[in-house]
Structure formats: C-alpha cells, structure tokens
Amino acid sequence: MPEEDPVPHPDEPSALAYTARRVRRHLRWARTEGVRRLIEEDRLDPVDRARTALAKWRWRRAHPGPPGRAVPVYLVGLQRSGTNMLTRGLDADPSVEVRNENDRAVFHRFRLRPDPVLGAVIRRSRHRYVLVKPLCDTHRVDELLGLAGVAPGRALWAYRDVDDRARSEVAKFGDANLRALRAIADGTIGDRWQGQRLDAPMRDLVAGFDYDRMTPHTAAALFWYVRNSLYFSLGLADRPDTLLCSYDLLVADPVGSTRRLCAFLDLPYDPVLHAHVGARTPARPRLEIDARVRALCTTLAERLDAAAGRQEAVDHG
C-alpha cells in the first residue's frame, strides 16, 4: 500500500487543482497527438498491462527465493527524452520490476518519497532489478546510487536531440520550462526540483536571460541545457555504474542500442525489448531558438555524444 501522502509543500497546488491541471494536460495531449498516443504514453491498454503482469508472475514462480536481492536501476535525465520508450522496453523483461513516476508506493506527485520508503520497496522485491524513473529527482542520482540498505544501484541517463525534446515539451507542458527558469533567475524557485543542485555559474547563466522576451521553445532548450549539464557537474561521466542512453541512437539502431543496454545491466538480449521501437532516422526541423542558447546546447550535445562514444568504445574493449 502507498505511504500516506506527506504534508503538501507550500508551493504545491491543492489535490483538486493538481488533478484538474493533469486532466487539462492530458486532454490537450490527446487533442494534439491523438488518443492512441496517449494510451501508449501512459500504458493504459489493460490487455498489455495484464500480459506484462502475468509474465512477471511467472518469472517469480520460476525463480523462487527470498526478497532483498534486487538491484535498483534509476532511469534519469529530462522529461520528453525517450524515457517512456526505455521503460517500456525494460518492462518487457520479466525479471525487471518497474516503478514508474505514477507509482504511489514510490512517488508523490512525481517526486520520490523519502529514501527509507524507496529502500523498503526495493528490498521487498523478488525480481532481479527494480527500475525506478525519478526524472524530477535526477539531481540526486549520485546519492541514490549509494542508497543504504540495498544493492549498489545503476543509472541510465537518457538524453535526446534538443529540438525534438523542446518541441515535445512545449506540446505537452506548454511554457512550464519558461516559468521554472524565470523562478530560478529571480530567486523564487525555492526548493522545487527544477532549481536543485545548480552551481553558482549555472544560476548566474540562467539569470542572464530576459524571460519576458524568451519563447517557450527557447526556454525548453535552455532547460535541456541546465538539466543535462548535471551529468557532468555531478561527476557521472567517470562512473562505471552510469550509462548514457541516446534516444536518437535507439531509434536509429534499436538492436545495437538494446544490446549495449543489456550488456550494461547483464541482462540476456531479447528482440522483444525493442519490438516497440521502429527503426528510423528522426526528422529534425530546427526550431527558432535564441542564438546564445543554441550555442550552449550544441556544445553540450557534442560533449554528451562524445561521452556516449567513449562508453561504447569501452564496451567493445
């Protein structure tokens, strides 16, 4: 059973306002992307969910043993970066228990519950891995990898082409990134997740833009830069327990990307893990993004791609 919801943060909307906002967002998403996309996005197909649950039950029956041995895997990065695609693929492996952002045992309004709650859920698992997707707590992934009382964790950092991500972000969440950046710049962000663990140079950079003139797409690109920069500022580039996962590489080469992921997690490769991914080269019409923001994002994308390339070279010996 889920833990009782904590006392709401002063900045949090009431339960009614929060639910109404989510309903409006889903209606807009269904209107712009189609109901079928919404069903796929939120895994609302009851037949698919029942089939997955049955496969996991059969795995537990075939692998009896006490709980407490599961390895936590944290899927982090930035919203609208292909994390749902990665989650769906790993959910197809019956040895993986998935705890997505809407799992109330682990999350409250998309934020992780206290570490002891998370640790207890992982220790109760009878699966080989517990996949947790704490996107809003990405800034804590270095801490989560050493969560007390459970096996040492592993992390998957997902990232995506900045234009594609910005387009998807604005389509689903409107100007949310613009509002968050404005709050970081003027100091009203408080302890909300968007402003967590940003060093002084990053805060100064964010404060140096005019948010009255910035477009939502430019803001989404700048927010891409701010959050993905944490991969380097948190020291994850040098950690063998963290894997960069490029959405663009996954859709361009589902087999190769999935084999690399399986090797990292020590999972047997199975084509079912990428059966939902249609191999393609994403169309990339460039958005009108502020030139300064564009330059920042281009430089960071090159660093991320280079780091991913180094990891792949190590994987291949």
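**Strand β5 and its surroundings**

Let's start inside the sheet, where E97 stands opposite V130 in β5. The model you are looking at is predicted. E97 brings us to strand β2 (residues 96-99), which pairs with β5 in the parallel sense over 4 bridges. Strand β1 (residues 71-77) also pairs with β5 in the parallel sense, again over 4 bridges, and here Y74 has V132 of β5 as its bridge partner. Within β5 (residues 129-132), Y129 and L131 point one way while V130 and V132 point the other way, and all are buried.

Step back along the chain to R128, whose side chain meets that of D266 in a salt bridge (3.2 Å, N to O). This pair ties together distant parts of the chain: R128 lies in the loop between α5 and β5, D266 in the loop between α13 and α14, 138 residues apart. R128 is partly exposed, at a relative accessible area of 31%.

Salt bridges turn up elsewhere too, with 17 found in the whole structure. One of them joins E143 and R197 (3.5 Å, N to O), linking helix α6 to the loop between α8 and α9 across 54 residues. Both E143 and R197 belong to a salt-bridge network that also includes D115, R140 and D142.

Beyond that loop comes our last stop, a pair of helices. Helix α9 (residues 200-207) packs with helix α10 (residues 216-228) at an angle of about 175 degrees, their axes 11 Å apart; the two are therefore roughly antiparallel to each other. Where they touch, M202, L205 and V206 of α9 meet L222, Y225 and V226 of α10. The residues of this contact are 6 nonpolar, with no polar and no charged ones.

Terms used
Residues are numbered from 1 along each chain as its sequence is written. This is a predicted model: local features need pLDDT of at least 70, side-chain atom pairs count only at pLDDT 80 or more; totals for chains, interfaces and linings use all residues. Side-chain values use heavy atoms; hydrogens and water are left out. Axes are lines fitted to C-alpha atoms, for helices over the stretch in contact, and angles run from 0 to 180 degrees between N-to-C directions. Angles under 35 degrees count as roughly parallel, over 145 as roughly antiparallel, 65 to 115 as roughly perpendicular and the rest as oblique. Contact means heavy atoms within 4.5 Å. Ala, Val, Leu, Ile, Met, Phe, Trp, Tyr, Cys and Pro count as nonpolar, Asp, Glu, Lys and Arg as charged, and the others, Gly among them, as polar. Buried means under 20% relative accessible area, exposed over 50%, partly exposed in between (1.4 Å probe, protein chains only). Two strands pair if DSSP finds at least two bridges between them. A salt bridge is a side-chain nitrogen of Lys or Arg within 4 Å of a carboxyl oxygen of Asp or Glu.
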